[in-house]
Amino acid sequence: MGSFIWKRLLLMIPTLLGVTIVVFLMLKIVPGDPVNALVPTDATEAEREAVRARLGLDQPIFVQYANWLARVVRGDLGDSLVRRLPVADLLLPALQNTLLLAITAAIVSFAVALAVGVYSAYYPKSSLAATFNALSLAGIGLPNFWVALILIGVFSVALGWLPSAGMKSAGGGSFADIIRHLILPVAATVLSTVGVMTRMVRSTVSGILQQDHIFVLRAKGISPTKVLLHVLRNGMPTILNVAGLQFGYLLGGSVLVETVFSWPGVGQVIYQTIGQRDFPVVQAGVLIIAIAFVGINLIVDAAHAALDPRVRRV
Amino acid sequence: MSTHAPVSADVAIVRPARREPSAWTLALQALIRRKAALAALIVLLAIVLSCLLAPLLSPYDPVEGQVRDRLLPVGSAGHWLGTDEQGRDLLSRMLYGGRLSLLSGFAPVVLATVIGGALGIAAGYFGGLANTIIMRSLDVVFSFPAILLAIGISAALGPGIVNIIISATVVFVPPIARIAESATKEVAKEEYIEAAKSSGADSGLIIRAHVLRNVFGKLFVFSTSQIGGCLVIASGLSFLGLGVAPPTPEWGFMLNNLKQLIFIHPVVTVVPGLFIFLTSLSVNLVSDALSDAFDAKR
């Protein structure tokens, strides 16, 4: 198990290099000369060259990448052009809020998908399962930013039950207050991701239910609860894998959900800075979420290996 | 299936799943399976056609509003879908807006199918180093949540529908290439490819005459299943302000504009999203039926 994790950690290096290359190239495809933003319009060519040399923009692109990477590894993500702050100071507190939202949503989504998926696999011919099936199919095409607006319309505007924006009330910030603010963003995120998960759980579980060993267990007269434990143990690796992928979708989708709910996370920061063309922040925000995603996948893989000995032999 | 009464009560308790479904349930399932696909196809065609025919069908100008008609609710006479804060007719804006929204949902998938298909077939057919280089570089994209990568690229390129199409294409190339690669690998093992090779056919001919024909079905079904997701991603980018500039109508961006009105004009706010959802749902239902049909054929 230990050596498996070491191997996976080593395999993460090329993945992270790939991620940083893509994120670095994003800055390079920004149209226009970056020097224009930094020098007065009447600057001479010599002055422009001086700025270019100071920023290292006169170097070959792979040298620029190496320099940038060396700074990123040390935690220096550059400075915000608009707010004159280190990007890391802006993004790291926001990352906590994003993870709070995403992890809560992931747990709720996982629980709902597991319950509904297992039920639908056990009773495939029931009308409840047919309804779940239709709902989960519909959920796949559901834009989360639209669900978010509908939830605000119903629960904040019409019913007035829950707050429509932010993470804390003015002067608030207690645990209960944060939970109240969390409900709608989590609901919007879950509703737009749970469909895929549910379908996956259902097809995995119904596949296992048809296998001979389950038939034998039932023939032996083992209680249905124990049979269910066997089923879950067999299905969990596949289900966890899908959950990991879904988590990526959740993190990415958080940009949109956070925007609608003014949730103070990385997505909200990215949205605000896109409008201001403060590109270093956008770039760093994308990098941070991608790294979080790679990290989550590592955890999922480790869990997968813990549950399924066959994986460890790879 | 037998309709015998259970032999003993125990069996009935251990195996409740064997209970015969009611006729109502069977009807519901049949409806979901086939009729829904048919209905979805009709809805999809209706949406696409009415957007294409927007200049003929729109009752009002999509950009110029009437100030005295501001904020009319859904169902108002003459303005079925209501009006926005500038008194512009929502129905007209939806019809015109759909042209760009649908374009940004379909175009990236078509482009990605061509590019990803070509890359995947090349990787799968030639194998070896070519395969490693192509597939491992495409793998990098899977390290990003799809919509986040699209947001990053789109933000870098700057606002515009063309840039949304470019960034969404980048996101959809790798998954499509994977499908094409695995399908090609399967075909390349077949004896008739071996026969064609030994009778002297060159790679170009084999790919065109044998591989493409056999891979196309799988590729088509998979790509169709991506359109709904692409529409949601593209309209999401647009929602973030990365698409059109005002006053041009486009579903995602309209939703962004209208969201400020949610406290005074809530129902109208929901309309553009409903169209995004309906379109994406219809595409998914149609593609689901397509892939069922395709699986059944095998």
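**Entry 1: where the chains meet**

I began with the interface, and I found 44 residues of chain B in contact with 52 residues of chain A. On the chain B side, α2 (23–52), α6 (146–157), α9 (203–239) and α11 (266–297) each supply at least two of the touching residues. I then sorted that side of chain B by class and got 30 nonpolar residues, 13 polar and one charged. A note to self before going on: this is a predicted model.

**Entry 2: chain B as a whole**

Next I looked up the makeup of chain B. I counted eleven helices and zero strands there, and reading along the sequence I wrote the pattern down as α-α-α-α-α-α-α-α-α-α-α. Of the 298 residues in chain B, 45% are buried. I also checked how far apart in sequence the contacting residues sit. Among contacts in chain B with a separation of 6 or more, 70% join residues 24 or more positions apart.

**Entry 3: the core**

Which residues have the most contacts inside the largest nonpolar core? I found Ala148(A), Ala150(B) and Ile233(B), in a core of 144 residues. Helix α7 (residues 161–188) of chain B gives this core its largest share, 15 residues.

I followed up on Ala150(B). Leaving out residues up to four places away in sequence, I listed its contacts as Ser167(B), Ala168(B), Val171(B), Ile233(B) and Leu237(B). Ile233(B) is thus a name I meet twice, as a contact of Ala150(B) and among the residues with the most contacts in the core.

**Entry 4: α6 against α9 in chain A**

I moved to chain A and its helix α9 (residues 224–261), taking its partners one by one. Helix α6 (residues 144–158) of chain A packs on α9(A) at an angle of about 25°, with the axes 9 Å apart. The angle makes α6(A) roughly parallel to α9(A), and I noted the crossing as right-handed.

For the contact itself, I wrote down Asn144(A), Phe145(A), Ala148(A) and Leu149(A) from α6(A), with Gly253(A), Leu256(A), Val257(A), Val260(A) and Phe261(A) from α9(A). By class, the contact of α6(A) with α9(A) has seven nonpolar residues, two polar and no charged ones. I was pleased to see Ala148(A) again, as it is also on my list for the largest nonpolar core.

**Entry 5: α8 against α9 in chain A**

How do α8(A) and α9(A) pack, at what angle and how far apart are their axes? For helix α8 (residues 212–219) and α9(A), I noted an angle of about 165° and axes 10 Å apart. That angle makes α8(A) roughly antiparallel to α9(A), and here too I marked the crossing as right-handed.

The meeting residues are Ile214(A), Leu217(A) and Arg218(A) in α8(A), and Val227(A), His230(A) and Val231(A) in α9(A). I classed the contact of α8(A) with α9(A) as four nonpolar residues, one polar and one charged.

While there, I stopped at His213(A), which is found in helix α8 of chain A. Is His213(A) buried or exposed? His213(A) has 11 C-beta neighbours inside 10 Å, so I put it down as exposed. I also took a distance from His213(A) to Gln64(A): these two are 149 residues apart along the chain, and their C-alpha atoms are separated by 58 Å.

**Entry 6: α9 against α10 in chain A**

The last partner I looked up was helix α10 (residues 266–275) of chain A, which packs with α9(A) at about 80°, the axes 7 Å apart. The two helices are therefore roughly perpendicular to each other. α9(A) brings Ser254(A), Val255(A), Glu258(A) and Thr259(A) to the contact, and α10(A) brings Gly267(A), Gln268(A), Ile270(A) and Tyr271(A). By class, I have three nonpolar, four polar and one charged residues for the contact of α9(A) with α10(A).

**Entry 7: two backbone oddities**

I finished with the backbone. Most residues other than glycine have a negative phi, and most peptide bonds are trans. Ser262(A) has a positive phi of about 50° although it is not a glycine. I located Ser262(A) in the loop between α9 and α10 of chain A, and Ser262(A) counts as partly exposed because it has 16 C-beta neighbours inside 10 Å.

In chain B, I found the peptide bond from Pro246(B) to Pro247(B) to be cis, with omega near 10°. Pro247(B) lies in the loop between α9 and α10 (251–258) of chain B.

How values were computed
Residues are numbered from 1 along each chain as its sequence is written. Chains are lettered from A and ligands numbered from 1 in the order in which they are written. This is a predicted model: local features need pLDDT of at least 70, side-chain atom pairs count only at pLDDT 80 or more; totals for chains, interfaces and linings use all residues. Axes are lines fitted to C-alpha atoms, for helices over the stretch in contact, and angles run from 0 to 180 degrees between N-to-C directions. Helices (H or I, at least four residues) and strands (E, at least two) are DSSP runs, numbered from the N terminus. Angles under 35 degrees count as roughly parallel, over 145 as roughly antiparallel, 65 to 115 as roughly perpendicular and the rest as oblique. A crossing is left-handed if the near helix is turned anticlockwise from the far one by less than a right angle, and right-handed if clockwise. Two residues are in contact if their C-beta atoms, placed from the backbone, lie within 7 Å. Ala, Val, Leu, Ile, Met, Phe, Trp, Tyr, Cys and Pro count as nonpolar, Asp, Glu, Lys and Arg as charged, and the others, Gly among them, as polar. A nonpolar core is a set of buried Ala, Val, Leu, Ile, Met, Phe, Trp, Tyr and Cys residues joined through C-beta atoms within 7 Å. A residue is buried if 20 or more other C-beta atoms lie within 10 Å of its own, exposed if 12 or fewer, and partly exposed in between; C-beta atoms are placed from the backbone.
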